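Trainee: Could you take me closely through a single part of this model, and set out the terms as you go?

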Amino acid sequence: MEWLEIDTENCPVRRALDLVGEKWSLLILRDAFNGVRRYDDFRRHLGLSEAVLADRLRKLVAADILRVEPYREPGARTRSQYRLTSKGRDLWPVLLALKQWGDTHAGDPAGTPLDIRHSDCDAPVRVEVVCTGEEHKTLTPFDVTVRPGPAARPVQH
């Protein structure tokens, strides 16, 4: 089966984009990875409407990407904060890859506003696609073969 013969309704990229493929969702996740937890902080930092923020947070919680946890400051009522789940943390390489691409192709001439470094050695961090074989070399799109997987279905005409 060739690529154009495969039904893309079941594509994992498509399914992932259904969950997180909207600008505000990705920016909420960016902020969550950088320690933002509270609704008011997301709203203030992102500058989006309450309706849009509430909708995106609700969808990310429903998808088990964020979880809601109660917190209470002394003398105040209990409120909710948002924390990444393990499913949410698995999106970190995706966001890092977008940042890396943005720095290269849409970056500020003055440099990156987010300097991400390894805590142990202070070296810059970057995303690579590597082979799981013994060599573990960095790959390009020209180095791979894409085949239909077990869930591939033919296009219905």
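Mentor: What follows looks at one helix and then at the ring contacts elsewhere in the chain. The model is predicted, so local features need pLDDT of at least 70 and side-chain atom pairs count only at pLDDT 80 or more, while totals for chains, interfaces and linings use all residues. Residues are numbered from 1 along each chain as its sequence is written, and side-chain values use heavy atoms, with hydrogens and water left out.

Helix 6, where helices are DSSP runs of H or I with at least four residues, numbered from the N terminus, covers residues 92–105 and reaches 20 Å from its first C-alpha to its last, close to the 20 Å expected at 1.5 Å times one less than its number of residues. Its buried residues (under 20% relative accessible area, 1.4 Å probe, protein chains only) are Leu95, Leu96, Lys99 and Gly102. Seen down the axis of helix 6, these fall within an arc of 120°, so they line one face of the helix, the arc being that of the directions from the helix axis to the C-beta atoms. On the other side, Trp101, Thr104 and His105 are exposed, that is, over 50%. Helix 2 (23–33) is included in what covers the buried residues of helix 6, by contact of heavy atoms within 4.5 Å.

As for rings, the charged end of Lys23 sits over the ring of Trp24, 4.6 Å from its centre, and that of Arg38 sits over the ring of Tyr71, 3.9 Å from its centre; the criterion is NZ of Lys or CZ of Arg within 6 Å of the ring centre and within 35 degrees of the ring normal.

Methods
Helix = DSSP H or I, 4+ residues; strand = E, 2+ residues; numbered from the N terminus.
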